[in-house]
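I opened my notebook to look up backbone angles that depart from the usual pattern. Here is the structure I worked from.

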Amino acid sequence: MNDKILILDFGSQFTQLIARNIRELNVYCEIQPCTKPIVYDSTLKGIILSGSPFSVNDPLAPMPDVKVMADHLPVLAVCYGAQMLVKQAGGEVGQSTHREYGRAHLQDIEHDPLFSAIPQGSQVWMSHSDTIKKLPEGFTVLARTDSIPVAAYKSGEAYAKNIVRAIQFHPEVTHSTDGRQIYKNFLIDICRCNQDWTPAAFIHETVTRIKQQAGDNKVVMALSGGVDSTVAATLIHKAIGDNLYCIFVDNGLLRKGEFEQVLEGYKHLGLNTKGIDARQRFYGELAGVSDPETKRKIIGRLFIEVFNEEAIKLKDVSFLGQGTIYPDVIESMSVHGGPSATIKSHHNVGGLPEKMHLSLIEPLRLLFKDEVRRVGRELGIDDIFIGRHPFPGPGLGIRILGPVSEEKVKMLQEADHIYIQHLRDSGMYKHVWQAGAILLPVQSVGVMGDERTYEYTCALRAVTSVDGMTADWAHLPYDLLAKISNDIINRVRGINRVVYDISSKPPATIEWE
């Protein structure tokens, strides 16, 4: 078993970034709502308290007992966690005279293992409206900045069996230039963690666990051609071989040539996959439907129906495989409500366990997207799957604004194919988190040759991101955009105008519907 760090989540927007920093240091960690009791075992080596949108002076602010934690293990308290400890131990936290937000520089850094190799003047990122006005008795300041006298501190030796380190800033964000080193100091020098959380170790442990869970029973799984379902299926196949039965449904809303291409790729992976052509069934029920939520529900319901019809043809199936990843699990947690097993337990296939009475196997439920890719590369999966951009579950159905028809799907498939191929040929594809073409329900006048046209507008969307939770529009070169626009207009009958979306998330979303 790997050493483990527990991150108590108080609702911070940066909690996932803490976990990513720790995982990238090859130490395993888990995020847990701050309201859930902590289970202390031999693998747990330390606890990190996250930031929070709460003020510690709010009557409803969460307040788990830090001393109890520190009597068991080393604790690192970040932002809200640092203020919470001060309040619990008899110090004073109050509202700042001004909001402390943005870059700051550490000064007068005291000698402490947490700040080993951290230079004076190190840049950090602040994001808080309360500030520490008075430390509890016996506590010691470890660093300050120009604007705040207590940027970091440690508890006194009499407070608990382990000294608590606390910082008012956020090492997990990229603006904190030595943040990774601070976390490394806590993990390695203070908690004595082994850095053995690697893709190879994960594969070995996961395959062993799936063998024990599934035994000689059969597993059925829906594949999408995306990285998550492909890596999950490969891990399950590595554990149980041909007892895994995969189903890949063509809903008519895939990218150009994707159905045939993905089936061929699965064949090379050795996966036992059955392809189902259900295009006309989807087109029929989507005809005339404009509302995006209605389209999503129709696509989801039909997928379940088609998958179920094929799955029940299999005899003696006991398990359903899914590509659920860690962000799906985290999103089902809340500071007040704790984890919800029902919200995301069937995230990928919308309720099939209830209909089919199957137990779940979710090999990736503890991994972030970039970790899934690293595991996939360790498994030797082709880059056609591993390097592929995220693609929405409803497919092109939500990239065609307004009613969906087979004619519009083919038009958008051609435009999207041209767009993505240009991104690949230019080398920009790997620098973009997600890209796709959107067919707008807008027709405009154009001139092609000596003829007047009245055709559709195609919008291009490309974003950069780390995990898709926030995103910025990708600054593609103008000459590349010009080539893409020219090719789409010349080669796709029905489109005479191309526009580029320069909206960030938030306030916009990555997809248009």
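The entries below record what I looked up about the backbone in this predicted model.

Entry one, the general rule. I reminded myself that most residues other than glycine have a negative phi, and that most peptide bonds are trans.

Entry two, peptide bonds. I looked up the bond from Lys505 to Pro506 and noted that it is cis, with omega near -10°. I then placed Pro506 in the segment after β18, the strand that covers 495-500. Moving on along the chain, I found that Pro506 and Pro507 are joined by a cis peptide bond, whose omega is about 10°. Pro507, too, I placed in the segment after β18.

Entry three, Asn26. I asked myself where Asn26 is found, and I located Asn26 in the loop between α1 (15-24) and β2 (28-33). Although Asn26 is not a glycine, its phi is positive, at about 60°. I also looked up its accessibility: because the relative accessible area of Asn26 is 31%, and partly exposed covers the range between under 20% and over 50%, I wrote Asn26 down as partly exposed.

Entry four, Arg192. I found a positive phi of about 60° at Arg192, which is not a glycine either. Is Arg192 buried or exposed? I noted a relative accessibility of 61% for Arg192, and since exposed means over 50%, Arg192 counts as exposed. As for its place, I found Arg192 in the loop between α4 (179-190) and α5 (199-214).

How values were computed
Residues numbered from 1 in each chain as written. Predicted model: local features only at pLDDT ≥ 70, side-chain atom pairs only at ≥ 80, totals over all residues. Heavy atoms only, no water. Helix = DSSP H or I, 4+ residues; strand = E, 2+ residues; numbered from the N terminus. Buried < 20%, exposed > 50% of the residue type's maximum accessible area, 1.4 Å probe, protein only.
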